[in-house]
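Trainee: Got a minute to walk through a structure with me? I'd like to quiz you on how the parts fit together.

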Amino acid sequence: MNLILASVSPRRKELLSRLGIPFDVCASRAEERSDGPWMMTALENACAKAEEVSARFPEALVLGADTVIEFEHRILGKPRDLSDAEAILSMLSGKTHAVTTGCAIRCRKSNIGIRFAETSLVTFRRLDRNTIREYLSLVSVLDKAGAYAIQDHGDRIIDSYKGDLETIIGLPVTRIRETFRCLDFSPEK
C-alpha cells in the first residue's frame with residue numbers, strides 16, 4: 001500500500017519525511033472551512049482533504065492534515081497582507097494561543113478511517129512594532145495561519161510553548177508514527 005500526503009505544504013513534507021517512509025504528494029482539492037469550533041474545524045478540514053484524495057486513489061493510505069490557530073475563541077487564519085500580519089502579531093503579543101493540527105488517515109479499499117487532533121499552546125513575547133516589522137522582514141508569513149512560523153526565527157517572537165513542536169509546525173509526527181504502527185502499515189517500496 002502506498003502512502004500519499006494530501007498536502008503540498010513544504011513543512012508537512014519535511015515532517016513526514018522524518019518517519020523514513022516513502023510517500024507521494026497529492027494536493028487536495030477539498031474546500032477548507034474556517035468557521036465553527038476550532039478543534040472540529042481542524043478535524044473536518046483534515047478529513048475532507050484525506051477523503052477527496054482517497055476518492056482518486058482508493059488503494060492508497062492517504063494522510064490529510066489541517067492546522068488551526070485559536071485565540072480568544074476565534075480562529076486566526078492566514079493574513080491577507082503584511083498590514084494584516086502586523087495586526088495579528090500585535091494582537092498575539094504577550095498572550096497565549098492554541099495551535100491544533102487535525103489529522104485524518106484514510107484508505108477506501110481497506111476501509112480505514114482514523115482521525116485525531118493534537119493541541120499545543122504558544123505564548124508570545126511582548127512585541128513592539130519594530131520587533132514585529134523586523135520579524136516580518138525575515139519570514140514570509142502570508143501563507144501561515146497566525147502570521148508566524150515557530151521554526152523560522154520563532155525565538156524573536158515566542159516566549160514559550162507547551163506540547164509538541166511538530167504539532168505547531170503542522171504535523172504531529174509522533175502520533176502518526178504510533179498510528180501507522182497500530183495499523184501495521186508498511187508501504188510498498
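Mentor: What follows is a run of questions and answers on this predicted model.

Trainee: Let's start with a helix. How far apart are the end C-alpha atoms of helix α2, and what span should we expect?

Mentor: Helix α2 covers residues 38-56, which is 19 residues. At 1.5 Å a residue, the expected span is 27 Å. That agrees with the model, where the end C-alpha atoms are 28 Å apart.

Trainee: Which elements do the buried residues of α2 pack against?

Mentor: Start with who is buried: the list includes Thr41, Ala42, Leu43, Asn45 and Ala46, and further along Lys49, Ala50, Glu52, Val53 and Ser54. Those buried residues pack against one helix, α1 (10-17), and a set of strands. The strands are β1 (3-5), β3 (61-71), β4 (74-76), β5 (96-107) and β6 (112-124).

Trainee: On to β3. How many of its residues are buried?

Mentor: Check both faces. On one side Leu61, Leu63, Ala65, Thr67, Ile69 and Phe71 are buried, and on the other Val62, Gly64, Asp66, Val68 and Glu70 are buried. With both faces covered, the count of buried residues in β3 comes to 11 of 11.

Trainee: Which strand does β3 pair with in the parallel sense?

Mentor: Go through the partners one by one. β3 and β5 run antiparallel, joined by nine bridges, with Val62 partnered by Arg106 and Asp66 opposite Gly102. β3 and β4 are antiparallel as well, over three bridges, and Ile69 has Leu76 as its bridge partner there. The parallel pairing, with three bridges and Leu3 opposite Leu61, is with β1.

Trainee: In the hairpin of β3 and β4, which residue takes a positive phi?

Mentor: Look at the turn, which has two residues between the strands. One of them has a phi near 50 degrees, and that's Glu72.

Trainee: How many bridges join β5 and β6?

Mentor: β5 is mostly covered, with 11 of its 12 residues buried. It pairs with β6 in the antiparallel sense, and Cys107 has Ile112 as its bridge partner in β6. The hairpin has four residues between the strands, and Asn111 takes a positive phi near 55 degrees. The number of bridges between β5 and β6 is 12.

Trainee: Now Arg18. Is it buried, partly exposed or exposed?

Mentor: Arg18 is in the loop between α1 and β2 (24-25). Its relative accessible area is 46%. Buried means under 20% and exposed means over 50%, so with 46% Arg18 counts as partly exposed.

Trainee: Which residue does the side chain of Arg18 join in a polar contact of 3.4 Å?

Mentor: Don't mix this up with its sequence-distant contacts: beyond four places away, Arg18 touches Glu166 and Arg177. The polar contact of 3.4 Å is between side chains, and the partner is Glu14.

Trainee: And Glu166, is it buried or exposed?

Mentor: Glu166 is in helix α5 (residues 165-169). Beyond four places in sequence, its contacts are Leu15, Arg18, Leu171, Pro172, Val173 and Thr174. Its relative accessible area is 15%, and the cut-off is under 20%, so Glu166 is buried.

Trainee: Which element gives the most to the largest nonpolar core?

Mentor: The largest nonpolar core has 43 residues, and Leu63, Leu89, Phe124, Tyr135, Tyr148 and Phe180 have the most contacts inside it. The top contributor, with five residues, is β3.

Trainee: Which residues does Leu89 contact beyond four places in sequence?

Mentor: Several are aromatic or aliphatic side chains you'll want to click on. Leu89 is in contact with Phe124, Leu127, Ile132, Tyr135 and Leu136, and also with Gly146, Ala147, Tyr148 and Ile157.

Trainee: Last one: what is the angle between the planes of Phe124 and Tyr148?

Mentor: Both residues are buried, and they sit 24 residues apart, Phe124 in strand β6 and Tyr148 in the loop between α4 (129-138) and β7 (158-162). Their ring centres are 5.0 Å apart. The pair is edge-to-face, and the angle between the planes is 80 degrees.

Conventions: Residues are numbered from 1 along each chain as its sequence is written. This is a predicted model: local features need pLDDT of at least 70, side-chain atom pairs count only at pLDDT 80 or more; totals for chains, interfaces and linings use all residues. Side-chain values use heavy atoms; hydrogens and water are left out. The expected span of a helix is 1.5 Å times one less than its number of residues. Buried means under 20% relative accessible area, exposed over 50%, partly exposed in between (1.4 Å probe, protein chains only). Contact means heavy atoms within 4.5 Å. Two strands pair if DSSP finds at least two bridges between them. A polar contact is a pair of N or O atoms within 3.5 Å; within protein, one must be able to donate a hydrogen and the other to accept it, and residues adjacent in sequence count only if both atoms are side-chain atoms. A nonpolar core is a set of buried Ala, Val, Leu, Ile, Met, Phe, Trp, Tyr and Cys residues joined through side-chain atoms within 4.5 Å. Rings of Phe, Tyr and Trp (its six-membered ring) pair if their centres lie within 6.5 Å; planes under 30 degrees apart count as stacked, over 60 as edge-to-face and the rest as tilted.
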